[in-house]
Amino acid sequence: MKTTLLCSMIVMLSILPAFAATDIVIADFEGDDYGQWQTTGTAFGTGPAHGTLPDQMNVSGFLGRGLVNSYLGGDKSQGTLTSPEFKIERKYINFLIGGGCHPGETCINLLIDGKAALTATPRDNEKLEPFTWDVSPFAGKTARIEIVDRNTGGWGHINIDQIELADEAYQ
């Protein structure tokens, strides 16, 4: 009886990872428009870009066919793109980020109670790179994602893709 119980427990533990919480996609930008995301200004247009925009260096590193790319009309365009509210239900928010390094002007923010609790800025690179926020201090809170382009100079744009709540950080 003890051997059977022990074997059953080992089998249950070996399949436990199959029941781990799955990632929650906040946005993958694969649609024709931004859905319920709110836009201001002209930088983001009416829907996701499908890669590199006219006169832009080659954009890479995004997943699927769509991404946020505020180079629409060149670096002179400005605006914001803000998600609907969501509940923080995992330890991390993972996303892909590229574009210009202008802290506070080309960035992505996690808004809690309407204020930027976390922010990330690209590194003057058109290749979107993985980035992770530890959001465990905000567990259970309601949040929004805000993507910002307030810079009109060189590298005055931002690229974002695949925003997910996850229990594992990007490595």
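Mentor: Let us start with a definition: a salt bridge is a side-chain nitrogen of Lys or Arg within 4 Å of a carboxyl oxygen of Asp or Glu. Please keep in mind that the model above is predicted.

Trainee: Thanks! How do I read such a pair, and which side chain does aspartate 167 meet in a salt bridge?

Mentor: The general idea is that side chains of opposite charge can pair when their charged atoms come close. Here, the side chain of aspartate 167 meets that of arginine 90 in a salt bridge, at 4.0 Å from N to O. Aspartate 167 lies in the segment after strand S11 (158–166), while arginine 90 sits in the loop between strand S5 (86–87) and strand S6 (92–99), so the pair ties together parts that are 77 residues apart in sequence.

Trainee: Is arginine 90 buried or exposed?

Mentor: Arginine 90 is buried, because its relative accessible area is 16% and the cut-off for buried is under 20%. Aspartate 167, with 28%, is partly exposed.

Trainee: How many salt bridges does a search of the whole structure find?

Mentor: The search finds four. Another one of them joins the side chains of arginine 65 and aspartate 32, at 3.6 Å from N to O. That pair also links distant parts of the chain: arginine 65 is in the loop between strand S2 (38–41) and strand S3 (68–69), aspartate 32 is in the loop between strand S1 (24–27) and S2, and they are 33 residues apart. Arginine 65 is partly exposed at 41% relative accessibility, and aspartate 32 is exposed at 67%. You can also look at glutamate 129 and arginine 123, whose side chains meet in a salt bridge at 2.8 Å, N to O. In that pair, glutamate 129 counts as partly exposed, at 23%, and arginine 123 as exposed, at 59%.

Trainee: Let me step back to the fold. What pattern does the chain follow along the sequence?

Mentor: Read along the sequence, the pattern is α-β-β-β-β-β-β-β-β-β-β-β, from one helix and 11 strands. Of the 171 residues, 42% count as buried. Among contacts with a separation of 6 or more, 77% are between residues 24 or more positions apart.

Trainee: How should I read a nonpolar core, and which residues have the most contacts inside the largest one?

Mentor: In soluble globular proteins, nonpolar side chains tend to be buried together. In this model, the largest nonpolar core has 28 residues, and Ile93, Leu110 and Ile147 have the most contacts inside it. At least two residues of this core come from each of S1, S6, strand S7 (106–112), strand S10 (142–149) and S11. S11 gives the most, with four residues. A second, separate core has seven residues, including Leu53, Leu67, Tyr71 and Leu128.

Trainee: Which residues is isoleucine 147 in contact with?

Mentor: Leaving aside neighbours within four places in sequence, the contacts of isoleucine 147 include Phe29, Trp37, Phe44, Val68, Leu81, Ile108 and Ile160.

Trainee: What about a polar residue in a strand: is asparagine 159 buried or exposed?

Mentor: Asparagine 159, which is in strand S11, counts as buried, at 0% relative accessibility. A polar contact of 2.9 Å joins its side chain to that of glutamate 126. Beyond residues up to four places away in sequence, asparagine 159 touches, among others, Gln56, Leu67, Leu96 and Leu128. You can compare threonine 82, in strand S4 (residues 79–82): threonine 82 also counts as buried, at 15%, and its contacts, neighbours within four places aside, are Gln36, Trp37, Gln38, Arg144, Ile145 and Glu146.

Trainee: And the aromatic rings: how many aromatic pairs does the search find?

Mentor: A pair of aromatic rings is described by the distance of the centres and the angle of the planes. The search of the whole structure finds four pairs. Phenylalanine 29 and tyrosine 34 form an edge-to-face pair, 6.4 Å centre to centre with 80 degrees between the planes, and both residues are buried. Phenylalanine 95 and tryptophan 133 are edge-to-face too, at 4.8 Å and 65 degrees. This pair links distant parts of the chain, with phenylalanine 95 in strand S6 and tryptophan 133 in strand S9 (residues 125–134), 38 residues apart. Both phenylalanine 95 and tryptophan 133 are buried.

Trainee: Which residues do ring pairs link into a cluster?

Mentor: Phe29, Tyr34 and Trp37 form that cluster.

Notes
Residues are numbered from 1 along each chain as its sequence is written. This is a predicted model: local features need pLDDT of at least 70, side-chain atom pairs count only at pLDDT 80 or more; totals for chains, interfaces and linings use all residues. Side-chain values use heavy atoms; hydrogens and water are left out. Buried means under 20% relative accessible area, exposed over 50%, partly exposed in between (1.4 Å probe, protein chains only). Contact means heavy atoms within 4.5 Å. A polar contact is a pair of N or O atoms within 3.5 Å; within protein, one must be able to donate a hydrogen and the other to accept it, and residues adjacent in sequence count only if both atoms are side-chain atoms. A nonpolar core is a set of buried Ala, Val, Leu, Ile, Met, Phe, Trp, Tyr and Cys residues joined through side-chain atoms within 4.5 Å. Rings of Phe, Tyr and Trp (its six-membered ring) pair if their centres lie within 6.5 Å; planes under 30 degrees apart count as stacked, over 60 as edge-to-face and the rest as tilted.
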